[in-house]
Amino acid sequence: MWRGWQTRYTYIRSPQPSASAPPIILVHGFGASLGHWRHNLPVLGQHHLVYALDLLGFGGSEKVQTAYQVALWGEQVYDFWQTFIRQPVVLVGNSLGSLVCLEVAATHPEIVAGVAMLNLPDASVLTSTWPQWCQRAIAPVNYVLRPVLHLLGSLLTLPPIFNPFFGWIRQPAIIGFWAKQAYTNPEAVTDELVEILSAPAYDRGAARALAAMTQSRSSDPAAAATVRLPRLQMPLLLIWGQQDRLVPSTLAPLFCRYNAQLQLVELATVGHCPHDESPEQVNQLLLNWMATHWGASGGDRSQSGSPSNLLG
């Protein structure tokens, strides 16, 4: 129970724990759940104590009507750490989960040993490259548009409008279609994956929770990755699929300008969810990266996922 709400988590304890191996917390992306890490948990768990949790409103966690923000999910992860772990951890996130990990690392750096992000969906890195005159020119437009978009969002999320729409988009066939936009290999979109993504949408309160997320989502300039990244002192890893159609990989090198410690690995043949589309490659990459920094077991370094190949 977190703040009176039911949340779900799981963990795997290494059969051969190492004193130097920090625990890992896996944080899923938007619309996903801890089941999205099913190919990563058992492998990472051979060398580390690994936790995965469902963010509030997703997976097996309660679908509530509240002000959903990255900061709220960051507080959930931090409170989870306080309850169960209480030693520095490595945070691993995908998409929205990357933003949550960045939030925790920035607001509670004392608990974070390192952060690995599987893409980073933050448009601030684009606007930060614009000339100053362009940024000044767009500011009044944003000021005017923000309340208009908020009003439009409020209207579209009224139950008579939103509920029929939600009933349509939660169908497994529709979710399977959108999943194929996130994956390069259509064979990776299995019936099991579609079930993981679609089943929580039939939970009580799911429509209400998604409507609340739609209404709540707003950008806090102080929480932008371009503001957070320069302040972080821990090891940072950014993994990005070059075939990502949801968040283009062209953004990846731009983030590296904001922190010299940020290591970028681009994977040629995967899309938005590299940990699920190419789990063998990502698992080995994560283990090798952690072995480099904390001396934990890195698995079979003779594979193509060795530090020399993947961390260059």
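The following dialogue examines how several descriptions of this predicted model are justified.

User: What makes up the secondary structure of the chain, and how many of its residues count as buried, as a percentage?

Analyst: The chain contains 14 helices and seven strands. Of its 312 residues, 51% count as buried. The exposed surface of the chain is about 14700 Å², and carbon and sulfur atoms supply 57% of that area.

User: What share of the contacts with a separation of 6 or more joins residues 24 or more positions apart?

Analyst: Such pairs account for 74% of the contacts in the chain with a separation of 6 or more.

User: Why is Met213 called buried?

Analyst: The word buried applies under 20% relative accessible area. Met213 has a relative accessible area of 2%, and therefore Met213 is buried. This residue is found in helix α9, residues 206-216.

User: Which residues does Met213 touch, when those up to four places away in sequence are not counted?

Analyst: Met213 touches Phe30, Leu56, Gly57, Phe58, Tyr68 and Trp73. In addition, the C-alpha atoms of Met213 and Thr66 are separated by 8.0 Å, although the two residues are 147 residues apart along the chain.

User: Why does Tyr202 count as partly exposed?

Analyst: Partly exposed lies between the limits of 20% and 50%. Tyr202 has 43% relative accessibility, so Tyr202 counts as partly exposed. Tyr202 is found in the loop between α8 and α9. Leaving aside neighbours within four places in sequence, Tyr202 is in contact with Arg170, Gln171 and Pro172. From C-alpha to C-alpha, Tyr202 and Gln171 are 9.4 Å apart in space, and they are 31 residues apart in sequence.

User: Why does Pro186 count as partly exposed?

Analyst: The reasoning uses the limits of 20% and 50% again. Pro186 stands at 48% relative accessibility, which lies between them, so Pro186 counts as partly exposed. Pro186 is in the loop between α7 (172-182) and α8 (191-198). The C-alpha atoms of Pro186 and Gly176, 10 residues apart along the chain, are separated by 9.7 Å.

User: What value does the phi of Ser95 have, and is Ser95 buried or exposed?

Analyst: Phi of Ser95 is near 60°, a positive value in a residue other than glycine. Most residues other than glycine have a negative phi. With a relative accessible area of 10%, under the 20% limit, Ser95 is therefore buried. Ser95 is placed in the loop between β4 and α3.

User: What is the phi of Arg3, and why is Arg3 called partly exposed?

Analyst: Phi of Arg3 is near 55°, which is also positive in a residue other than glycine. The relative accessible area of Arg3 is 48%, between 20% and 50%, so Arg3 is partly exposed. Arg3 lies in the segment before β1 (9-12).

User: How do you know that the span of helix α3 agrees with the expected value?

Analyst: The expected span is 1.5 Å times one less than the number of residues. For the 12 residues of helix α3 (residues 96-107) this gives 16 Å, and the end C-alpha atoms are 17 Å apart, so the two values agree.

User: What makes α3 mostly covered, and what do its buried residues pack against?

Analyst: In α3, 10 of the 12 residues are buried. Among them are Leu96, Gly97, Leu99, Cys101 and Glu103. The buried residues of α3 pack against β2 (24-27), α2, β4 (89-94), β5 (112-118) and α10 (225-228).

User: What span does helix α13 have, and how many of its residues are buried?

Analyst: Helix α13 (residues 279-294) has 16 residues and reaches 22 Å from its first C-alpha to its last, close to the 22 Å expected. α13 is mostly covered, with 12 of its 16 residues buried. The buried residues include Pro279, Asn283, Leu286, Trp289 and Trp294. After α13 comes Gly295, whose phi is positive, near 70°.

User: What is the volume of the second largest pocket, and which helix supplies the largest share of its lining?

Analyst: The volume of the second largest pocket is about 170 Å³. Helix α2 (residues 70-84) supplies the largest share of the lining, five residues. The lining includes Met1, Trp2, Arg8, Leu53, Asp79 and Phe84. By type, the lining residues divide into six nonpolar, three polar and two charged.

Note on methods. Residues are numbered from 1 along each chain as its sequence is written. This is a predicted model: local features need pLDDT of at least 70, side-chain atom pairs count only at pLDDT 80 or more; totals for chains, interfaces and linings use all residues. Side-chain values use heavy atoms; hydrogens and water are left out. Helices (H or I, at least four residues) and strands (E, at least two) are DSSP runs, numbered from the N terminus. Buried means under 20% relative accessible area, exposed over 50%, partly exposed in between (1.4 Å probe, protein chains only). Contact means heavy atoms within 4.5 Å. Accessible areas come from the Shrake-Rupley method with a 1.4 Å probe; for residues, only the protein chains shown count as cover. On a 1 Å grid over the protein atoms alone, a cavity is a set of points where a 1.4 Å probe fits but cannot get out, and a pocket is an open set with protein on both sides within 12 Å along at least five of seven lines; lining residues have an atom within 4 Å of a point. Grid points are joined across faces, edges and corners, and a volume is the space filled by probe spheres set on the points. Ala, Val, Leu, Ile, Met, Phe, Trp, Tyr, Cys and Pro count as nonpolar, Asp, Glu, Lys and Arg as charged, and the others, Gly among them, as polar.
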